[in-house]
Amino acid sequence: MVFAYGSGVLPQIGHPTTQSKMMDFIFVVTDPLEWHRENMRRNARHYSSLRFLGPATVTNVQCNWGAKIYFNTLVPTHEGLIKYGVISERDLICDLLDWDTLYVAGRLHKPVNMLLKGAADSELAKAWQLNLNCAVRTALLLLPEAFSEEELYETIASLSYSGDFRMRVGEDKNKVSNIVGAQMPEFRALYKPVLAGLNEYLVLNANNHGHALQDTSPHAKYRHLSLLPMQLQRALVQECNKDGRSRDVEEVLLVAAQDPDTGDMVLKGVRSIVARSSVTQSLKGILTAGLWKSIRYSSAKVKKMISSWHR
């Protein structure tokens, strides 16, 4: 699987896609060691000085540090600058199913430009669909009984940014609404199969300005909670047991389903996952990109954030 994402590829309000913008790609590979060995033979200059330690070290850094993805950034091509990440298929499947880091899984909550897609019945494809299903169920737990279609997609799109420190110091403050506002048709197409399977709990009238009503009963909330990814359920258990008790997952989910503040609990859980991975991956980026590229990349992000203040 290979896909492109971000404002250099897909439209965002206030960020026209032009050749001057850096394009972002992610490669999903079955054998990271062999992939890096071959890529370093062909494109050694894409890597930081870490390449001098060999492909085994690069693979170790990829698979065991941060969000288990390795980025080469500010790579010049005939189409302009690109950034590309490499993640193993096994690690991506784990993130899609369990939200271990919600890093690449979170990017796949939003529309992407799929350049190379595997078989529809593959383990990866099934995990991708389950990831979308979990994103909708999580969003429903955060939303009130009545909401709009746009609010649903904005809530989904915001999940992977919740708790990310970069949203405070290096991103456009309107990033989520800019993405959804410019990509409504793509969001509809992406989530249509998932929403069709949730008609027992959700009624979405696309013909009536996208108004939606959901079942917010304890039964419905418990159903959503019981199907959340494992790491998010664990985060809920940790949050609920801060009072010193030792309730298990089943007990916590039953309590959470009855709680009027279920959404707050779920949001705290999402934030805890994202906060951890965003910090560790950013620190890893200094090593994989090199200090100079890290400074250039961060400076561009800060400039984008400052420009958003004036729109």
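Which residue of strand 8 does A146 stand opposite? In this predicted model, the residue of strand 8 that stands opposite A146 is L213, and the points below work outward from that pairing.

1. Overall make-up. The chain has 311 residues, of which 49% are buried, and its secondary structure comes to 14 helices and eight strands. When contacts between residues at least 6 apart in sequence are considered, 68% of them join residues at least 24 apart. About 15000 Å² of the chain is exposed, and carbon and sulfur atoms supply 56% of that area.

2. The three-stranded sheet. Strands 6, 8 and 7 form an open sheet in the order 6-8-7, and the pairing is antiparallel. Strand 6 (146–148) and strand 7 (202–205) are the edge strands, each pairing on one side only, and the twist from one strand to the next averages 20°.

3. Bridges within the sheet. Strand 6 is joined to strand 8 (residues 211–214) by three bridges; besides the pair of A146 and L213, S148 has H211 as its bridge partner in strand 8. Strand 7 is joined to strand 8 by four bridges, and here N205 is the residue that stands opposite H211. H211 is thus matched with S148 and also with N205.

4. The two faces of strand 8. Which residues of strand 8 are buried, and which are not? The side chains alternate along the strand: A212 and Q214 point to one face and are buried, whereas H211 and L213 point to the other face and are not buried.

5. The helix across the sheet. Helix 6 (residues 149–158) lies across strand 6 and strand 7, and the helix runs at about 85° to strand 6. L152 is worth locating in the view, as this residue touches A139, L140, L143, F147 and L195, with residues up to four places away in sequence left out of the list.

6. Nonpolar cores. The largest nonpolar core has 66 residues, and those with the most contacts inside it are V104, L152, Y153, Y191 and L225. Helix 5 (residues 123–142) contributes the largest share of this core, namely 10 residues. There is also a second, separate core of seven residues, which includes A4, V29, Y84 and V86.

7. Helix 11 and its surroundings. In helix 11 (residues 230–240), the buried residues are Q231, L232, Q233, A235, L236, V237 and C240. These buried residues pack against several helices, which are helix 3 (89–98), helix 5, helix 10 (218–226), helix 12 (249–258) and helix 13.

8. A salt bridge between helix 3 and helix 5. Side chains of opposite charge can pair when their charged atoms come close. The count of salt bridges comes to nine, and one of them joins the side chains of R90 and E123, at 3.1 Å from N to O. Because R90 lies in helix 3 and E123 in helix 5, the pair ties together parts that are 33 residues apart in sequence. R90 counts as partly exposed at 46% relative accessibility, and E123 also counts as partly exposed, at 43%.

9. Salt bridges around E239. The side chain of E239 meets that of K242 in a salt bridge (3.1 Å, N to O), and E239 also forms a salt bridge with K268, the closest N and O atoms being 3.4 Å apart. Since K268 lies in helix 13 and E239 in helix 11, the latter pair ties together parts that are 29 residues apart in sequence. E239 is partly exposed, with a relative accessible area of 22%, and K268 is partly exposed at 46% relative accessibility, whereas K242 counts as exposed at 64%. Elsewhere in the chain, E38, R41 and R42 are linked in a network of salt bridges.

10. S282 and a distant stretch of sequence. Which residues is S282 in contact with, leaving aside its neighbours within four places in sequence? S282, which is found in helix 13 (residues 262–289), is in contact with F165 and R166. S282 and R166 are 116 residues apart in sequence, while their C-alpha atoms are 9.1 Å apart in space. S282 is partly exposed because its relative accessible area of 23% falls between the cut-offs of 20% for buried and 50% for exposed.

Conventions. Residues are numbered from 1 along each chain as its sequence is written. This is a predicted model: local features need pLDDT of at least 70, side-chain atom pairs count only at pLDDT 80 or more; totals for chains, interfaces and linings use all residues. Side-chain values use heavy atoms; hydrogens and water are left out. Buried means under 20% relative accessible area, exposed over 50%, partly exposed in between (1.4 Å probe, protein chains only). Contact means heavy atoms within 4.5 Å. Accessible areas come from the Shrake-Rupley method with a 1.4 Å probe; for residues, only the protein chains shown count as cover. Two strands pair if DSSP finds at least two bridges between them. Axes are lines fitted to C-alpha atoms, for helices over the stretch in contact, and angles run from 0 to 180 degrees between N-to-C directions. A nonpolar core is a set of buried Ala, Val, Leu, Ile, Met, Phe, Trp, Tyr and Cys residues joined through side-chain atoms within 4.5 Å. A salt bridge is a side-chain nitrogen of Lys or Arg within 4 Å of a carboxyl oxygen of Asp or Glu.
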